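The following exchange asks how each label given to a structure is earned. Each reply sets a value against its definition.

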Amino acid sequence: MDTDVRQGTMVEADGLAKNFVSGDGSATRVLDVVRFAAGGGMTAIAGPSGCGKSILLYCLSGLEAPCRGSVRVLVEDLSAKDQRGLAIFRRAHIGFVFQSYNLVPAMSVLDNVMPPLTLAGRKAEPGRLSARMSRFRLIGHDDDMA
Ligand SMILES: Nc1ncnc2c1ncn2[C@@H]1O[C@H](COP(=O)(O)OP(=O)(O)OP(=O)(O)O)[C@@H](O)[C@H]1O
Ligand SMILES: [Mg+2]
């Protein structure tokens, strides 16, 4: 998360549920969360394969709409946003490294980081960018993907 909120809860969810519907119309519940809150530090979500970690992250970031429940990120209710609003909000506040990466292998690490800033019309401040790269241990790996 890239945010000016340094303290307190950044992400919270209540009563989240997600079903997937099969071809025969039957629904399988893959997520059932009473309450989730995170912020002000690093949070790890752990559990066995298939327990719903990725689905939870998709719901918390507005990539998937839950069937039930609410998600607030930086106090904003994601369910109040349409797809365009969600895309703009994600672009400004949420960084996501997918399980299958979804990176462009022909581009450097830095070039993979830049497009959201460019699309948002923001100028990359070199000092801030290298501080972030350093924080995520990406300094020195810039040529790895080229
Ligand atoms: N598009 C989908 N349609 C139907 N079921 C799905 C879909 N995506 C995920 N699932 C099911 O939802 C459950 C949770 O999947 P999820 O990918 O969130 O697990 P995970 O905890 O991230 O697993 P892993 O540790 O292997 O990445 C699994 O049983 C999975 O088979
Ligand atoms: Mg996963």
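Q: What makes S54 and Q99 the protein donors of the magnesium ion (ligand 2)?
A: Donors are N, O and S atoms within 2.8 Å of the metal (3.2 Å for Na, K and Ca), and water is not among the atoms, so sites may look incomplete. In this predicted model, OG of S54 and OE1 of Q99 lie 2.1 to 2.2 Å from the magnesium ion, and therefore both count as donors.

Q: Why is the pair said to link distant parts of the chain?
A: S54 and Q99 are 45 residues apart. S54 belongs to helix α1 (residues 53–60), whereas Q99 is in the loop between α2 (83–93) and α3 (109–113). Helices are DSSP runs of H or I with at least four residues, strands are runs of E with at least two, and both are numbered from the N terminus.

Q: On what basis are the model and its numbering to be read?
A: Residues are numbered from 1 along each chain as its sequence is written, with chains lettered from A and ligands numbered from 1 in the order in which they are written. The model is predicted, so local features need pLDDT of at least 70 and side-chain atom pairs pLDDT 80 or more, while totals for chains, interfaces and linings use all residues; side-chain values use heavy atoms, without hydrogens and water.

Q: Why is S54 called partly exposed and Q99 exposed?
A: Buried means under 20% relative accessible area, exposed over 50%, and partly exposed in between (1.4 Å probe, protein chains only). S54 has 25% and is therefore partly exposed; Q99 has 66% and is therefore exposed.

Q: How do you know that C59 is in no disulfide?
A: A disulfide is a pair of cysteine sulfur atoms within 2.5 Å. The search of the whole structure finds 0 disulfides. For C59, the nearest cysteine sulfur is that of C67, 7.9 Å away, and so the pair does not meet the definition.

Q: What makes C59 buried and C67 partly exposed?
A: The relative accessible area of C59 is 1%, so C59 is buried. C67, at 45%, is therefore partly exposed. Across the chain, buried residues make up 23% of the 146 residues.

Q: What is the pattern of helices and strands along the sequence?
A: The chain has 5 helices and 4 strands, in the order β-β-α-β-β-α-α-α-α.
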